[in-house]
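This report sets out selected structural features of the entry shown below. It proceeds from one chain as a whole to individual helices, a loop residue and charged pairs.

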Amino acid sequence: MHASPLLQEFNSGPAAIIFLWVVFWAVVGGVITPRVYRKKDLDASSATLYGAIAGAGTGPILPAYLWYKTPELNFPWRWSSLPSILIFSVLPSIFTFALLYWAFAVYHPSNLCVAEGKGSYLFSQVSNGVLVGVLYGLIALGLTLIFSILGIVSFAHGQFYMIGGYVLFYVVDGKFGAGLNPVVGLLATGLVTFLIGIIFERALLRPMHQGKVERPGEYAILLTFGLAFFLEYSVQATLGTNPRKASAILPIGIVKWLQDVTGMPPTRVIGFMIGLAVLGILYWFLNYTWPGKALRSVSQDKQAAAVVGINPLNVNTLAFGLGAMLAGISGAALVQVFTWAPNVGAIASARSFVVIVLGGMGSLVGAMVGGLVIGVVEAVGVGCFPDSGRALAYQPVFGLIIFAIVLLLKPTGLFGREL
Amino acid sequence: MKGKTILWIAGSLGIIFLALIPFAYDIFPFLPPGLVNNYTMHVLIISFYYAVLASSWSLLMGYAGQFSFAHMAFAGLAGYTTGMMGKFWGTGPLTGIIAGTMVAGIFGLIVGLLVLRLRSTYLALFTIAFAEIMRFVTNAEIYYTGGGNGLQMDPLLPNGLDLGFYSFDSVDKIPPYFIMFGLMLILIAFMSWLANTRFGLFLRAIREDEEAAAAMGVNVIRYKVLVFAITSMVVGLVSGVRAHYITIISPNDMIILWMSLVITMAVLGGLESLVASAIGAIVIFVTLEYLKTNFATTSVMTIALTLIFGLILYQLGIYAAKRSGTVLKNIHKTMLSVGSAIVGLGISIVTVAPITTGISNAYYDISGSLLPDQIDMSDWRLVIFGLALMLTLRFYQNGLLYPIIQRVSRAGHLAETVAKRDAAGTITEAEAGS
């Protein structure tokens, strides 16, 4: 057997034992617990998740308790259920992380993430991750908004993000574009993506909600997929594949000051701040304006909203336009951070799926939390991957693996409503 | 039965036509040179590959209702299996392809088991995640897979093929052409047979309503997993052959773009018919290859504007026919709308071409960079297909080819039914009279 030459310096044996121990008990807990619950005629909807976590964290101990006592596992988010949350989810999760960390430290003792006295390295990775994570959450906000109202996942979300970035670039950039004020650029971005979103929803998605389509779920996937295809290659055909890099959109003095104060890449900090501002505006919009309240009411109960005089079809259109606009604005906030090319959309789409599934489809808070988690996981994963040559190539994989696990164990995510 | 006969004859003619393409010059020596060469053969071979892919995707999606983005990932898995076996163990193409098929099948089984609980959107998301993980891993593990540069492997027939009276070189196109062609026919026949047995019936039952199917005694878990395993084995088989035919496989073969092409092919052909989606795949792939080159800007603009004008006039004709109420008969309405479309096309061909030429010349005079002489269609063709996908879904949910096939196959049915009813009617009248 040919092993990769780069991997031979590591002690894979002991680490593999710890790792397999964790995986083995996770699988045992995940498979047996729901069966036990079903056998005793109890609600087994969360049993897979908690069984797997319990097995991974504590080996046979906590699963045995679960099988013997079969406590209620669907705890509501209340103070009174804090002990159960601690015992069944927080503590085993911490144990799992500790075990995996231990396995990693045994596997690669000289790694910067586990070496003694290098805590600051890990800390800088985490803080970088938080910064990027807010931006990921911002991208995914629109997607989760669309899902909460229309009940579909827009596969063209990343393409709206890409278009938003391009619009800002061509409005603001002095060399290739019009060289206007960034605020004008942001407004133009919002307007363009909002219009595209509204036209698309009105022309192609509305028949789905009027019951004219046989299988709406698949129809929406295919249709938004076709839109993604169309938008991406329209941009590629008109603007070319040459990557664009925008400069920071604030005056150079402020940028320098930001760098001095935060000690982080200033473009990211600017993006972060735009993200927080958008979040605030969205919060205000959803809670204190009539259309925002209409959106929330439709997401809670379509029939009841229709009874009090809200037209769900128009709200659908508005929601899709808003979702597209949020994607576009997040693209505008990030065009100065990343290099921009027509294919950034596909990557952003994939990452937004990860974020909203982790946070729970349709939950705005979940999108932000999911974004943070994915940002930190990716940053730490890349920073700690033993073979730095391949670390960057694996960056999206860390998030995708979490994504697959969440889909399998708890498709509703952290804050999602029940299916 | 008349319509079915027509379809059978058309299908056989199509197969014979495709089988005779490599020998075009032997049969028709007067054909212009350059019509059939190695490049066209290559395009056709790859289009057969896509035909199998689209066909198996429509078995998975159209029949079983399982929306999967992982098709290309299974294809890549099989290709990499045979490539890596050849690289590290020195096995030949045949062993590798069989092993690749098996590996694809096993992974299809595992994925099928994992996604049992997931439905439409969640299933699509999970399979996207699987496909992307596969692609990133093959990209990163350079030592095993060759990374982004791809993995070289043996040609399909390393020593060529000796038929006794004629021997082919390992780079000749005719043997792979017939291998791929034969594989396509066999696999599509196999899947069509499968779709027409109880298996296909169960799949459609699951697609329509899983709980109801389970209540009627369909083993939902078994059939869902089986359809994943079977389609991924089919995909793995052709993908292994294709990888050995072009002698290289790279992570770029697994990007979502190719998956979306497969989806477009299946949707445009007709999701609920395996043959229609296969024909759709061949037509679309050949068209895409044809559109890969540069075209003169004026001709592209002429064609686009002509089509737009023609469509507008066609819609106007339909509108007029609808407004006419009972004044016109159905056949006259059809004639009116088609006729106005034809007139529209004619007018626009006469008027649009000079206009577009004038516009583009004017632009060219103002600034040479605004409208180039030539348009590179390699991106615009994908735009066109994205648009075609959306419009087909919106207005022709059964695809473009499948309704035609259905219509032809039912051509004689109306008259037959009427005749039967009349015959039955006369009998009852006669009985009543006596």
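The paragraphs below describe the fold of one chain, a surface patch, two helices, a loop serine and the salt bridges.

**Chain A overall.** The structure is a predicted model. Chain A has 17 helices and 0 strands. Of its 419 residues, 53% count as buried. Among contacts in chain A between residues at least 6 apart in sequence, 72% join residues at least 24 apart. The chain exposes about 19000 Å², and carbon and sulfur atoms supply 69% of that area.

**A nonpolar patch on chain A.** A nonpolar surface patch of about 780 Å² is made by A:Trp79, A:Leu82, A:Leu86, A:Ile87, A:Val90, A:Leu91, A:Ile94 and A:Phe95. One of these residues, A:Ile94, is placed in helix 4 (residues 82-107) of chain A. Its relative accessible area is 48%, so A:Ile94 is classed as partly exposed. An α-helix has 3.6 residues a turn, so residues three or four places apart point the same way.

**Two helices of chain B.** Helix 8 (residues 174-196) of chain B comprises 23 residues, which should span 33 Å at 1.5 Å a residue; the end C-alpha atoms are 33 Å apart, in agreement with that value. The buried residues of helix 8 include the aromatic positions B:Tyr177 and B:Phe181, together with B:Met180, B:Met184 and B:Met191. B:Leu183, B:Leu187, B:Ile188 and B:Leu194 are also among them.

Helix 5 (residues 93-114) of chain B has 22 residues and reaches 31 Å from its first C-alpha to its last, close to the 32 Å expected at 1.5 Å a residue. Its buried residues include B:Gly96, B:Gly100, B:Gly105, B:Gly108 and B:Gly112, as well as B:Ala99 and B:Ala104. The cover over the buried residues of helix 5 includes helix 4 (71-89), helix 6 (120-140) and helix 11 (220-246) of chain B.

**A loop serine in chain B.** B:Ser273 is in the loop between helix 12 (256-269) and helix 13 (274-290) of chain B. Is B:Ser273 buried or exposed? B:Ser273 counts as buried, because its relative accessibility is 10% and the cut-off for burial is under 20%. A polar atom of the B:Ser273 side chain lies 3.1 Å from the backbone nitrogen of B:Ala276. Leaving aside neighbours within four places in sequence, B:Ser273 is in contact with B:Ser58 and B:Tyr402.

**Salt bridges.** A search of the whole structure finds 5 salt bridges over all chains. Among them are the following pairs.

| Acidic residue | Basic residue | N to O distance |
|---|---|---|
| A:Glu378 | A:Arg351 | 3.2 Å |
| B:Glu210 | B:Lys224 | 3.2 Å |
| B:Asp253 | B:Arg242 | 3.6 Å |

In the pair of A:Glu378 and A:Arg351, A:Glu378 lies in helix 15 (residues 364-384) and A:Arg351 in helix 14 (residues 344-359) of chain A, so the salt bridge ties together parts that are 27 residues apart in sequence. A:Glu378 is buried, with a relative accessible area of 2%, and A:Arg351 also counts as buried at 18%.

For the salt bridge between B:Glu210 and B:Lys224, B:Glu210 is in helix 10 (residues 210-215) and B:Lys224 in helix 11 of chain B, 14 residues apart. Both B:Glu210 and B:Lys224 are buried.

In the pair of B:Asp253 and B:Arg242, B:Asp253 lies in the loop between strand 4 (248-249) and helix 12 of chain B, and B:Arg242 in helix 11, so the pair ties together parts that are 11 residues apart in sequence. B:Asp253 and B:Arg242 are both buried.

Methods. Residues numbered from 1 in each chain as written. Chains lettered and ligands numbered in written order. Predicted model: local features only at pLDDT ≥ 70, side-chain atom pairs only at ≥ 80, totals over all residues. Heavy atoms only, no water. Patch = residues over 30% accessible without salt bridge, like charges linked within 9 Å, V, L, I, M, F, W, Y side chains within 5 Å. Areas by Shrake-Rupley, 256 points an atom, 1.4 Å probe, with all protein chains shown as cover. Salt bridge = Lys/Arg side-chain N within 4 Å of Asp/Glu carboxyl O. Helix = DSSP H or I, 4+ residues; strand = E, 2+ residues; numbered from the N terminus. Buried < 20%, exposed > 50% of the residue type's maximum accessible area, 1.4 Å probe, protein only. Contact = heavy atoms within 4.5 Å. Expected span 1.5 Å × (residues − 1). Polar contact = N/O pair within 3.5 Å; in protein donor to acceptor, adjacent residues only side chain to side chain.
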